[in-house]
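Dear colleague,

Please find below the structure that I am handing over to you, together with its sequence. My account of what was found in it follows directly after.

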Amino acid sequence: MDDYINQLIHGRVHVSPKRLIQPGPSLEQKLQILHAAKAAPDHGRHTPWHFYEVSESSRTLLGDVFRDCLLDRDPLATPLQLDEAREKAFRGPLLLLAAANLNDTEDGITPHEKMISLGCAIQNILLMAHALGFGAGLSSGKAIQSERFRELFKLSTNTMPTCFITIGTVSKNKPGNALRPDLSVYHSIF
Ligand SMILES: Cc1cc2nc3c(=O)[nH]c(=O)nc-3n(C[C@H](O)[C@H](O)[C@H](O)COP(=O)(O)O)c2cc1C
């Protein structure tokens, strides 16, 4: 049991979306992964987060937004760079956009608490994916903060897109151990 828990928590590592390939989670596995989010601590039980699954048919639209956002930032971007930006929308069998829902400002729960709840929900998703044998990675990028991006996902003013979660089979493992901070860096006795 101890070994399992240690492997589950300490064995999870970030896998770049480039290295996540088919097969992705089955429908049953995908639901298991998504259901893990709701076990996150959530002060007031307002579900201050949302996960948008990018369907296969929507990846083209997302890719166009990635490309257009790069052009906005760098009008001199080369065709190759624009293709690379577009291609990011097609990585990984399961692609989720994680967003914080900060709409309800009268509920007495601070945006910080809501962001923490989102982080916990994301971690639950990562751990469930790992437990099922999949790799997963988080990616943000500049486009996610753009108006084009908000329009594509029809995000309300107080919805904060935070990162993508890509889940799939790991094509090849990267050698080396994950970098983790020493306990003394983040713990002290008060
Ligand atoms: C919200 C969020 C967004 C992230 N976005 C990126 C990203 O765009 N690109 C990247 O290489 N790592 C990104 N990371 C970091 C990786 O997910 C990962 O945590 C980091 O590389 C450390 O690896 P580890 O999780 O295996 O310890 C992000 C992490 C978080 C929490």
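The buried residues of H5 are covered by elements that include helix H1 (2–10), H2, S2, S3, S4 and S5. Those buried residues are Lys-114, Ser-117, Leu-118, Ala-121, Ile-122, Ile-125, Leu-126, Met-128, Ala-129 and His-130. Please bear in mind throughout that this is a predicted model. The length of H5 agrees with expectation, because its 21 residues should span 30 Å at 1.5 Å a residue, and its end C-alpha atoms are 30 Å apart. After H5 comes Gly-133, which has a positive phi near 95°.

Cys-120 also belongs to helix H5, yet Cys-120 counts as partly exposed because it has 16 C-beta neighbours inside 10 Å, whereas 20 or more would be needed for a buried residue. Not counting residues up to four places away in sequence, Cys-120 touches Ala-40 and Pro-41. Its C-alpha atom is separated by 31 Å from that of Asp-64, and the two residues are 56 residues apart along the chain.

Overall architecture

The protein contains 7 helices and 5 strands. Read from the N terminus, their order is α-β-α-β-α-α-β-α-β-α-β-α. Along the principal axes, the C-alpha atoms fill a box of roughly 50 × 45 × 40 Å. A compact globule of 190 residues would have a radius of gyration near 16 Å, and the 18 Å of the protein agrees with this. Of the 190 residues, 27% count as buried. Among contacts with a separation of 6 or more, 83% come from residues 24 or more positions apart.

The nonpolar cores

In soluble globular proteins, nonpolar side chains tend to be buried together. The largest nonpolar core here has 27 residues, and the members that touch the most others are Ala-98, Ile-125, Ala-129, Ile-165 and Ile-167. At least two residues of this core come from each of helix H2 (27–36), strand S3 (94–101), helix H5 (111–131) and strand S5 (159–170). Another core, of 10 residues, lies apart from it and includes Leu-62, Val-65, Ala-85 and Ala-143.

Ile-167 shows how the largest core brings together separate parts of the sequence. Leaving aside neighbours within four places in sequence, Ile-167 is in contact with Leu-20, Gly-24, Pro-25, Ile-33, Gly-92, Leu-94, Ala-129, Phe-134 and Ala-136.

Leu-70 lies in helix H3 (residues 59–73) and counts as buried because 20 other C-beta atoms lie within 10 Å. Beyond its neighbours within four places in sequence, Leu-70 is in contact with Ala-77, Gln-81, Leu-82 and Ala-85. Ala-85 is among the residues of the 10-residue core. From Leu-70 to Asn-6 the distance is 40 Å, C-alpha to C-alpha, with their positions 64 residues apart in sequence.

The surroundings of the ligand

Which residues surround the ligand? They are Val-13, His-14, Gly-137, Leu-138, Ser-139, Ser-140, Gly-141, Thr-162, Cys-163 and Ala-178. By type, this shell divides into 4 nonpolar, 6 polar and no charged residues. Strand S4 (135–139) and S5 each supply at least two residues of the shell, and S4 gives the most, with 3 residues. S5 therefore has a part in two of the features described here, as it also supplies at least two residues of the largest nonpolar core.

Backbone features in the loops

Three loop residues deserve a separate note. The peptide bond from Gln-22 to Pro-23 is cis, with omega near 0°, and Pro-23 lies in the loop between strand S1 (20–21) and H2.

Arg-45 is found in the loop between H2 and strand S2 (49–53). Although not a glycine, Arg-45 has a positive phi of about 50°. Arg-45 counts as exposed because it has 10 C-beta neighbours inside 10 Å.

Thr-47 is placed in the loop between H2 and S2, and has a positive phi of about 50° although it is not a glycine. With 14 other C-beta atoms within 10 Å, Thr-47 is partly exposed.

Yours sincerely

Note on methods:
Residues numbered from 1 in each chain as written. Predicted model: local features only at pLDDT ≥ 70, side-chain atom pairs only at ≥ 80, totals over all residues. Core = buried A, V, L, I, M, F, W, Y, C linked by C-beta atoms within 7 Å. Buried ≥ 20, exposed ≤ 12 C-beta atoms within 10 Å, placed from the backbone. Helix = DSSP H or I, 4+ residues; strand = E, 2+ residues; numbered from the N terminus. Contact = placed C-beta atoms within 7 Å. Rg over C-alpha atoms; globule rule 2.2 N^0.38 Å. Near = placed C-beta within 6 Å. Nonpolar A, V, L, I, M, F, W, Y, C, P; charged D, E, K, R; others polar. Expected span 1.5 Å × (residues − 1).
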